[in-house]
Amino acid sequence: MIDLIKNLAITNRRAKSSVIRELLKLTNKPGVISFAGGLPSPECFPIDQLADITSKVIKEKGHLAFQYGETEGTAELKEEIIKLLKTDEAITIKKENIIITSSSQQGLDLVTKTFIDAADFVITEAPTYIGGLQVFRCYGANIISVPSDDDGLCVSALEKLLNNLISDEEHYKMLYVVPDFQNPKGTTLPFERREQIVKLAAKYNFIILEDSPYRHLRYRGNAPSMLYKLDSLSNTISLFSFSKTLVPGFRLGYIVANAEIIKKFSKLKQSLDLCTSPFIQYITAEFLKQGYFHPHLNKIKSIYEKKLNVMLEALKKYMPEEVTWTSPEGGLFLWATLPEKIDTTEMFNDAIKENVAYVIGSAFHADGGGKNSMRLNFSYPSEVEIDVGIKRLAEVIKKKI
């Protein structure tokens, strides 16, 4: 018998398990209050509305919903997305500018598979979304990071890096950025930085991959324009997801990009899954069509805003003065920074013993940095659990200090 492990493809050998998924196994211990996942709260799922819509879709469109569909997505869902982007973002697109994906994670994979060869440079923020790092590593990209502050990616550092890459004759292709309520920090890129990034993309000839799963979850302040809207040269590819705004179990996302690029994505998607579930697409299209989406958003934003405020108050109340944290205007996460001498990986088991969990900061750094930081999720635990959990975590940190 052949040694199957020895014969794994290089893409599989490059793949690493998600640190978050591994940590979540430890948080299954009874009594643990977990700030580790990125889970929406089940109380936010529109179960009754989806039950009615599902029945309607089966009765009226079962012959279509239960069949194979177009690789690019159903016309009905695309029409509703076009209306949504027009209403919420003042972005005008056509059906040819959209491809429906099986979650935005598939979108990340499609974009990377389309553009990135092994050893190409992909530029990210530091820290950045761990799912992006996983995909880029699978395809053999050289990941190089730009520092960020409380306003997100530092544009001056980005331009300096680009000049260095050019001087070294390195082949860079793409900037990956989560501009709104960034995972993991919760920061939002200001309008001025967005404009600067778009100008740099034109000047230095790189793709902007704009990942926007949290953009609709704004609780205060005004939303800067999307990078896609600011980019008249079509250098920007935008990823969206219904996982955080509707239900993650649908695994439904979409990409907005230049029509010619969408055709390239479609060819690759055919080899992956032929099409995203038409059944789920028809249900989501009907949810949007019946006008449920924005009232539903208002409901979940009210819930999450309260939870965010509870976490911010608890941090202020319980944490030692050596600890700092971001104060997001939306999204699902905030980022805490501890004294440099504390390694949150080493501290994790201490936290689990005290029945509280988080995600280690180094998981979000391509170079393993950020050891004295952590990501905290406020959307899933209850308000009471948030207060109790932050108090427990503060006690663990105080002992370490």
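Okay, one definition before anything else: two strands pair here if DSSP finds at least two bridges between them. Keep that in your head for the sheets. And a caveat right away: this is a predicted model, so everything I say is about a prediction.

Let's use that definition straight away. There's an open sheet of 4 strands, running 10-11-14-13, with antiparallel pairing. Which strands stand at the edges of that one? Strand 10, residues 324–325, and strand 13; each has a single partner strand, so one side of each is left without a neighbour in the sheet. If you want to find the strand 13 edge on screen, look at where strand 13 meets strand 14: they're antiparallel, with 2 bridges, and V359 has R375 in strand 14 as its bridge partner.

Staying in that part of the chain, there's a nice ring pair. I'll start with another one, though, for contrast. The count of aromatic pairs comes to 10. Take F287 and Y292: ring centres 5.6 Å apart, planes at 55 degrees, so that pair is tilted. F287 is buried, at 0% relative accessible area, while Y292 is partly exposed at 26%. Now W335 and F364: their centres are 5.9 Å apart and the planes sit at 80 degrees, so this pair is edge-to-face. The cut-off for that label is over 60 degrees, by the way. What I like is that the W335–F364 pair links distant parts of the chain. W335 is in strand 11, residues 333–337, and F364 is in the loop between strand 13 and strand 14, 29 residues apart. Buried or exposed, for W335? It counts as buried, at 6% relative accessibility. F364 counts as buried too, at 0%. And one more for the aromatics fans: F240, F242, Y254 and F293 form one aromatic cluster.

Right, the other sheet. This one is open as well and has 8 strands, in the order 2-9-8-7-6-3-4-5, with mixed pairing. Its edge strands are strand 2, residues 98–101, and strand 5, and each of them pairs on one side only.

Let me walk you through the strand 5 end. Strand 3, residues 121–126, and strand 4, residues 142–149, run parallel, joined by 6 bridges. To get your bearings, find E125; its bridge partner in strand 4 is V146. How do you get from strand 3 to strand 4? Through helix 6, residues 130–138, and the three together make a right-handed β-α-β unit. Then strand 4 turns back: with strand 5, residues 152–153, it forms a hairpin, with 2 residues between the strands. That pairing is antiparallel, over 2 bridges, and D149 has G152 as its bridge partner in strand 5.

Now, a residue I'd like you to click on: L252. Where is it? In the loop between strand 8, residues 236–241, and strand 9, residues 253–256. It's a loop residue, but L252 is buried, with a relative accessible area of 1%. And what does L252 touch, leaving aside residues up to four places away in sequence? The list includes L77, I100 and T101, then S241, F242 and S243, and also T276, I280 and T284. You'll recognise F242 from the aromatic cluster I mentioned. For a sense of scale, L252 and V146, our bridge partner from before, are 106 residues apart in sequence and 30 Å apart in space, C-alpha to C-alpha.

Last bit, zooming out. The chain has 14 helices and 14 strands. Along its principal axes, the C-alpha trace spans about 60 × 60 × 55 Å. Is it compact or extended? Well, with 401 residues a compact globule would have a radius of gyration near 21 Å, and this chain has 21 Å, which agrees. Buried residues make up 54% of the chain. On contacts, if you take those with a separation of 6 or more, 75% come from residues 24 or more positions apart. As for the surface, the accessible area comes to about 17800 Å², and 51% of that belongs to carbon and sulfur atoms.

That's the tour. If you open the model afterwards, start with the W335–F364 pair, edge-to-face, and then go to L252, buried in its loop.

Definitions and conventions:
Residues numbered from 1 in each chain as written. Predicted model: local features only at pLDDT ≥ 70, side-chain atom pairs only at ≥ 80, totals over all residues. Heavy atoms only, no water. Phe/Tyr/Trp six-rings, centres within 6.5 Å; stacked < 30°, edge-to-face > 60°. Buried < 20%, exposed > 50% of the residue type's maximum accessible area, 1.4 Å probe, protein only. Right-handed = clockwise from strand over helix to strand, strands pointing away. Rg over C-alpha atoms; globule rule 2.2 N^0.38 Å. Contact = heavy atoms within 4.5 Å. Areas by Shrake-Rupley, 256 points an atom, 1.4 Å probe, with all protein chains shown as cover.
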